[in-house]
Amino acid sequence: SNKAASETLDTTNAVRPVWLVKVPRFVTQGWAAAAENGNDGTAVVGRVRMEVDPSLLSADNPNPKAEVTIHLNDAATAAATSTAASAVPEQLVLAPQGESDDTGTLHVMCRRDTAMPPTSSCEGKVSHRFDARPRLSEAGDEAVTIDEKYRLLSRKRKNEAEHKDRQVVFITKKDALRTREALRPTAVGFGAQSREERREVKEAAVKVRMERQELQTRLFKLFEEKRLWYLTELTKATNQPNAWLKEVLQEVANQVKRGPDAGKWEIKDEYRAS
């Protein structure tokens, strides 16, 4: 659009090195809540501190690795605590992620929709990546302890994730049959896809299968009432699934193949009443 074409990207800070830090959600939520109280949506939420242990300095190690930590200020800690509904640690250690193929090619982009007109800018190029983690401390005998506040917060989040409101639902036999038939494998995948398959599943879902002996007895009584039956008539009279009815029907009756009654079923000779 003309509006998009007229918008420019401020690249004044495009070459400025910036850090990409992955932090826990409660920290980002705390930062966002604290920043809302600042001017123009910004606020100081903490300090980054780099510390070197002097005891590590030696001729062989003139540049010992520095420990990088984030120290949240009171406003950010209070906001994070309110968001997490639990006490949160005020200090996190930044663990380097190591070099990545895209390090140096990633940039931080910023868009300020509150400005009039809205502005977009490139705020820097990613030079280092870190993971923000709770501080670990050695408790002797090579045992390691985690920050107490972070441990309690993690336990609270784990308990909340495991707690689920379950509802007990009683289903009828028809509901169970309907579910079973809906998941029945077909030639075109699970569940009926064609119109004919959907019709058969719908009919079968509301029909409860009789026991074989019970169904045979029912068929004998029907053939006593009338000598010849169409399968559709027997299906309606017995209210049985079509496939099950046909399986039992073939045991006690024969289908007429020729003549004016072709297609109808009649009881086998051995079952005829003398």
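Helices (H or I, at least four residues) and strands (E, at least two) are DSSP runs, numbered from the N terminus. This is a predicted model, in which local features need pLDDT of at least 70, side-chain atom pairs count only at pLDDT 80 or more, and totals for chains, interfaces and linings use all residues. Residues are numbered from 1 along each chain as its sequence is written, and side-chain values use heavy atoms, with hydrogens and water left out.

**Exercise 1. The overall count**

Task: State how many helices and strands the protein has, and what share of its residues is buried.

Solution:
- Step 1. The protein has nine helices and 13 strands.
- Step 2. Fix the cut-offs: buried means under 20% relative accessible area, exposed over 50%, partly exposed in between (1.4 Å probe, protein chains only).
- Step 3. Of the 274 residues, 28% count as buried.
- Step 4. Turn to contacts (heavy atoms within 4.5 Å). Among contacts with a separation of 6 or more, 57% come from residues 24 or more positions apart.

**Exercise 2. The two sides of H7**

Task: Find which residues of H7 are buried and which are exposed on the other side.

Solution:
- Step 1. Locate the helix. H7 covers residues 212-225, 14 residues in all.
- Step 2. Check its span. From first C-alpha to last, H7 reaches 20 Å, close to the 20 Å expected at 1.5 Å a residue. The expected span is 1.5 Å times one less than the number of residues.
- Step 3. List the buried residues of H7: Leu 215, Gln 216, Leu 219, Leu 222 and Phe 223. They cover an arc of only 120° around the axis, so they sit on the same side of H7. The arc is that of the directions from the helix axis to the C-beta atoms.
- Step 4. Look at the other side of H7. Gln 213, Glu 224 and Glu 225 are exposed there.
- Step 5. Name the cover. The buried residues of H7 are covered by elements including helix H8 (231-238), helix H9 (242-252), strand E12 (253-255) and strand E13 (265-267).

**Exercise 3. From H7 to H9**

Task: Identify the salt-bridge partner of Glu 247, then list what Glu 251 touches.

Solution:
- Step 1. Set the criterion. A salt bridge is a side-chain nitrogen of Lys or Arg within 4 Å of a carboxyl oxygen of Asp or Glu.
- Step 2. Glu 247 pairs with Arg 212, at 3.0 Å from N to O. This pair links distant parts of the chain: Glu 247 is in helix H9 and Arg 212 in helix H7, 35 residues apart.
- Step 3. Read the accessibility. Glu 247 is partly exposed at 39%, and Arg 212 is partly exposed at 31%.
- Step 4. Move to Glu 251, also found in helix H9. Glu 251 is partly exposed, with a relative accessible area of 31%.
- Step 5. Leave out residues up to four places away in sequence. Glu 251 then touches Arg 212, Gln 216, Lys 268 and Tyr 271.
- Step 6. Take one of these pairs. Glu 251 and Lys 268 are 17 residues apart in sequence and 8.6 Å apart in space, C-alpha to C-alpha.

**Exercise 4. Other salt bridges**

Task: Give the number of salt bridges in the structure, then work through two of them.

Solution:
- Step 1. The structure holds nine salt bridges.
- Step 2. Asp 131 bridges to Arg 133, with the closest N and O atoms 3.6 Å apart. Asp 131 is buried at 17%, whereas Arg 133 is partly exposed at 44%.
- Step 3. Asp 261 bridges to Lys 264, with the closest N and O atoms 3.8 Å apart. Here Asp 261 is partly exposed at 24%, and Lys 264 is buried at 19%.
- Step 4. Salt bridges that share partners also join Arg 16, Arg 112 and Glu 123 into one network.

**Exercise 5. A loop residue and a strand pair**

Task: Place Asn 239, then describe the pairing of E3.

Solution:
- Step 1. Asn 239 lies in the loop between H8 and H9. Its phi is near 55°, a positive value in a residue other than glycine. Asn 239 is partly exposed, at 42% relative accessibility.
- Step 2. Strand E3 spans residues 46-51. Of its six residues, zero are buried, so E3 lies largely in the open.
- Step 3. E3 pairs with strand E4 (residues 67-72) in the antiparallel sense, over six bridges. Pairing requires that DSSP finds at least two bridges between the strands.
- Step 4. Pick one bridge: Met 50 has Val 68 in E4 as its partner.
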